[in-house]
Amino acid sequence: MKRPWNLANIPVYSLATYAGGYLNMNICTYVSAVSMDPKRYMVAVYHNTQSLYNIQRSDTAVLQLLGKQHFALVNTLGKKSGKLYNKEKYLTKKKELEIWDDKLVLSNCAAWVKLKKRWEKDAGDHIVFLFDVTGFKTNHAHVLMLDDLREKKLVRI
C-alpha cells in the first residue's frame, strides 16, 4: 500500500525563477493554494538548487501549471540541475518559451500564476515559500498530473 502522501493524483507545476537576468525552471508537486482572499500559494523548493538560489534573490516568480504536452520536458526541468545545465538555453533552442506579463515562461501551460514572495521557512529538505498571487492566465485544462509521470515511470511512488 502507498504511503498517505503518495495516494493523491496532484498537478505537476514548474516554478519559473529569475535572478541576475537568468531564468531557471524546475518541477514542483509540493504546491498548494492556501488562501482564497487574498489568493495565496505555498510552494516548497528543494535545498541547494538554482531555483532556490533565484527565488531567495527575487521577490517574484511564475508558477506554471504544466500541460500534458510538457511531459517530454520533465526530465530536463526536474532531473537536471540549473547550477550545471542552462535550461533557458535548452528551452529557447526547443522553441518552448514565450513572454507573458513581461516574464519569460514555458509556452502553452495550462495556466500561469504570477507570484510575489511574502516569506520563507525551512521545512526539512525543502524551503517553503508563501506567495501572493498578483496575476494569472488560464490557457487550457489539459493538465499534467503526477499519475501521468507514474505511468511513464518518471517517478517511483
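The largest share of the lining of the largest pocket in this predicted model comes from helix H2, which contributes 4 residues. Helix H2 spans residues 74-79, and the other elements that give two or more residues to this lining are strand S4 (39-46), helix H1 (50-56) and helix H4 (146-151). In total the pocket is lined by 31 residues, and those lying nearest its centre are Ile27, Cys28, Thr29, Gly78 and His126. The space in this pocket comes to about 790 Å³. Sorted by class, the lining consists of 15 nonpolar, 12 polar and 4 charged residues.

Strand S4, one of the elements that line the pocket, also leads to the salt bridges, of which the whole structure holds 5. One of them joins Arg40 to Asp132, with the closest N and O atoms 2.5 Å apart. Because Arg40 belongs to strand S4 and Asp132 to strand S9 (residues 126-138), this pair ties together parts that are 92 residues apart in sequence. Are the two partners buried or exposed? Arg40 has a relative accessible area of 19% and is therefore buried, the cut-off being under 20%, and Asp132, with a relative accessible area of 16%, is buried as well.

Asp132 takes part in a further salt bridge, this time with Arg118, where the closest N and O atoms are 3.2 Å apart. Since Asp132 lies in strand S9 and Arg118 in strand S8, the pair ties together parts that are 14 residues apart in sequence. Arg118 has a relative accessible area of 44%, so this residue counts as partly exposed. Through the shared partner, the salt bridges join Arg40, Arg118 and Asp132 into one network.

Strand S8, which covers residues 111-122, enters another salt bridge through Lys114, whose partner Asp101 lies in the loop between strand S6 (97-100) and strand S7 (103-106), so that this pair ties together parts that are 13 residues apart in sequence. The side chains of Asp101 and Lys114 meet at 3.4 Å, N to O. With regard to exposure, Asp101 is partly exposed at a relative accessible area of 38%, whereas Lys114 is buried at 17%.

The aromatic side chains offer another set of contacts. A pair of aromatic rings is described by the distance of the centres and the angle of the planes. How many aromatic pairs does a search of the whole structure find? The search finds 3, and one of them is formed by Tyr85 and Tyr90, whose ring centres are 6.0 Å apart and whose planes stand at 55 degrees, so the pair is tilted. Tyr85 itself counts as partly exposed, because its relative accessibility is 27%. Another aromatic pair brings together Phe129 and Phe131, which are stacked, with 5.9 Å from centre to centre and 25 degrees between the planes. Phe129 counts as buried, at 0% relative accessibility, and Phe131 likewise counts as buried, at 0%.

Rings also meet charged side chains in this structure. Lys103 lies over the face of Tyr18, at 4.5 Å from the ring centre, and Lys152 lies over the face of Phe71, at 5.8 Å from the ring centre.

Some points of the backbone deserve attention as well. Most residues other than glycine have a negative phi, and most peptide bonds are trans. The peptide bond from Asp37 to Pro38, however, is cis, with omega near 5 degrees. Asp37 is found in the loop between strand S3 (31-36) and strand S4, and Pro38 lies in that loop between S3 and S4 too. With a relative accessible area of 74%, Asp37 is exposed. Asp37 and Lys93 are 56 residues apart in sequence, and their C-alpha atoms are 40 Å apart in space.

Asn108 is not a glycine, yet its phi is positive, at about 60 degrees. This residue sits in the loop between S7 and S8, where Asn108 is partly exposed, with a relative accessible area of 42%. Lys153, again not a glycine, has a positive phi of about 60 degrees. Lys153 belongs to the segment after H4 and, at 69% relative accessibility, counts as exposed.

Definitions and conventions:
Residues numbered from 1 in each chain as written. Predicted model: local features only at pLDDT ≥ 70, side-chain atom pairs only at ≥ 80, totals over all residues. Heavy atoms only, no water. 1 Å grid on protein atoms, 1.4 Å probe; cavity = no way out; pocket = protein on both sides within 12 Å on 5 of 7 lines; lining within 4 Å. Points joined across faces, edges and corners; volume = space filled by probe spheres on them. Nonpolar A, V, L, I, M, F, W, Y, C, P; charged D, E, K, R; others polar. Phe/Tyr/Trp six-rings, centres within 6.5 Å; stacked < 30°, edge-to-face > 60°. Buried < 20%, exposed > 50% of the residue type's maximum accessible area, 1.4 Å probe, protein only. Lys NZ or Arg CZ within 6 Å of the ring centre and 35° of its normal. Salt bridge = Lys/Arg side-chain N within 4 Å of Asp/Glu carboxyl O.
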